[in-house]
Amino acid sequence: MRTRLISVRMGSVFAGLLLALSGAALVAAPQASAATGVAAVAEALKKGPVYVDPRAEAQLPKAEADALAQKIKDAGKPVFVAVLPATGEFPQDKVLSAIRAETGITGLYAVRLGDGFNAAADGSVMPGNAVRNLSEAVKTGGPVDAGTQLDNFVDQALTQVKGGAPASWGSVGADDGAPVAGLITLGAVAAVGGGGAYALVRRNRKKKEEARREAIERLSVVVDEDITAFGEELERLDFHPGEPGADDAMRKDYEQGLDSYEKAKQIMGSVRYPEEVTGVTQALEDGRFALATLDARRQGRPLPERRSPCFFDPRHGPSTEDASWAPAGGAPRTVPVCTADAVRLRDGQDPAVRTVDTEHGPRPYYDAGPAYGPWAGGYFGGGMLPGLLVGTMLGSMMSSPAYASDLGGTMGGGFEGGDVSGADFNPSDFGGGDFGGGGGFDGGGGW
């Protein structure tokens, strides 16, 4: 009897759930049609990969929109497409980032705005350079109809974009409305297992957040030491812009050094993600070269060549030559070194390597884990760094697909393609087109 009563009650609850969801499905389309602007675009893209504003339906008829949406859904990729009228409601310099913030889902966003086109993506989904190249490829050759342009873009993007389609798409197509069966299925799953899934998502994000904080804490120690050391270099230089013999070139070098010092401190003060530390060490590298140039001018020596910092410790300043070196158990490679370390290597001595604290005691930075990748990347640049680090712990980790996860999620704060991040995304990482000057949207022949 008790079992039967429970069954009847569960049946009543489920019936109520179906009735509520059916009602929601019936009113979904009218509500969506009443909304306007970015909010309407975002709500539609949460339900399916393609949205066509009613005022732009002539550009992409429903049959073409449905086919494009099905192609994206079949691929299971976080690609979002919107076809919008060229009105003040959608300012071309803000529309992409506004849609991304309102939608709250990491992905690749493409917008056909009037006759123009532009796209942008979260870095975890597609690098900015790749987005720009794809965008330019479909704009080359002059104006083209929306269907052809979007089809070409999506075809190329689906082979390169990372991540998966958001769960909110379900079985929804390009329509504004949502099938009742799809809503019932989603509702039933949510009622039965939603709590457990939500808890799992929260745990995973909590772990990523803890890893991100830990990476930043480790980096902060090393970067703060670098900033302090550079400040001490400025003081030791003891340069005064009005001193006898000072000229405009010297004053410009000194100003560059001061600006780099302030820039490094400013960036470090606002760091939220490990990869942002790269900007700090880039600023310090610029500043050290400026000081080396200033010192040469004051001493009457030839100006130094712009070279990478000393590989063993960037605080040594710009390198002066290349030398052969091999890490313990690794193959020899050519690395940029300062004069002092070059002499040590020629004399058979160990170079003065930068060490950092680890749970196993002080270790060379290149054998201390993935957290120091952004720090080293700012000094040595992404192009040459992998070759320098081959055979080291950091080099091995940087070549692994899990490297970004080990950092607590670079290029997007730990969210992968298709994840719901809300408006929590790094604007400087969401890119591809030119947002600064209102450019980027053109059909090949100009906006």
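Start by selecting Asp 238, which you will find in the loop between helix 7 (180-237) and helix 8 (248-269). The model you have open is a predicted one, so treat each stop on this tour as a feature of that prediction. Check the backbone torsions here: Asp 238 has a positive phi of about 50°, although it is not a glycine. Most residues other than glycine have a negative phi. Is the residue buried, partly exposed or exposed? Asp 238 counts as partly exposed, because its relative accessibility is 45% and the buried class ends under 20% while the exposed class begins over 50%. Leaving aside neighbours within four places in sequence, show its contacts and you should see Glu 243 and Arg 298.

**Into helix 8**

Next, select Met 250, a residue of helix 8. Its relative accessibility is 8%, so Met 250 counts as buried. Which residues does Met 250 touch, not counting those up to four places away in sequence? They are Phe 239, Gly 245, Leu 294, Arg 297 and Arg 298. Arg 298 is a name you have met already, as a contact of Asp 238. Try a distance label between Met 250 and Phe 239: the two are eleven residues apart in sequence, and their C-alpha atoms are 9.1 Å apart in space.

**A buried arginine**

Now move to helix 9 (residues 277-299) and pick Arg 288. With a relative accessibility of 4%, Arg 288 counts as buried. Which side chain does Arg 288 join in a polar contact of 2.9 Å? The partner is Glu 233, and the contact runs from side chain to side chain. To see the rest of the surroundings, display the contacts of Arg 288 beyond four places in sequence. Besides Glu 233, they comprise Asp 226, Ala 229, Phe 230, Pro 314, Arg 315, Gly 317, Pro 318 and Tyr 379.

**The four-stranded sheet**

Switch to a cartoon view and look for the open sheet of four strands, ordered 1-2-3-4 with mixed pairing. Strand 1 (50-52) and strand 4 (116-121) stand at the edges; each has a single partner strand, so one side of each has no neighbour in the sheet. From one strand to the next, the twist averages 10°. Strands of a sheet pair through backbone hydrogen bonds, either parallel or antiparallel. Here, strand 1 and strand 2 (residues 79-84) pair in the parallel sense, over three bridges. For a pair to zoom in on, choose Val 50, which stands opposite Val 81 in strand 2.

**Helices across the sheet**

Add helix 2 (residues 37-47) to the selection. This helix lies across strand 1, strand 2 and strand 3 (108-113), and runs at about 145° to strand 1. Colour its buried residues: Gly 37, Val 38, Ala 40, Val 41, Ala 42, Ala 44 and Leu 45. They pack against strand 1, strand 2, strand 3 and also helix 4 (95-103). Then bring in helix 5 (residues 128-139), which lies across strand 3 and strand 4 and runs at about 165° to strand 4.

**An antiparallel pair**

For another pairing, select strand 5 (residues 321-325) together with strand 6 (residues 333-337). These two pair in the antiparallel sense, over five bridges. One bridge to inspect links Ser 324 with Thr 334 in strand 6. How many of the five residues of strand 6 are buried? The count is four, so strand 6 is mostly covered.

**Zooming out**

Finally, show the whole protein chain, with its 13 helices and eight strands. Buried residues make up 43% of its 447 residues. Among contacts with a separation of 6 or more, 69% are between residues 24 or more positions apart. The accessible surface comes to about 21,700 Å², and carbon and sulfur atoms hold 55% of that.

Before you close the viewer, colour by pLDDT. The chain has a mean of 76, and 69% of its residues reach 70 or more. Over residues 422-426 the pLDDT is below 50, and the model gives this stretch 15 contacts beyond near neighbours in sequence. Residues 443-447 stay under 50 as well, with 15 contacts beyond four places in sequence.

Definitions and conventions
Residues numbered from 1 in each chain as written. Predicted model: local features only at pLDDT ≥ 70, side-chain atom pairs only at ≥ 80, totals over all residues. Heavy atoms only, no water. Buried < 20%, exposed > 50% of the residue type's maximum accessible area, 1.4 Å probe, protein only. Polar contact = N/O pair within 3.5 Å; in protein donor to acceptor, adjacent residues only side chain to side chain. Contact = heavy atoms within 4.5 Å. Pairing = 2+ DSSP bridges. Axes fitted to C-alpha atoms, helices over the stretch in contact; angles between N-to-C directions. pLDDT = per-residue confidence, 0-100. Areas by Shrake-Rupley, 256 points an atom, 1.4 Å probe, with all protein chains shown as cover.
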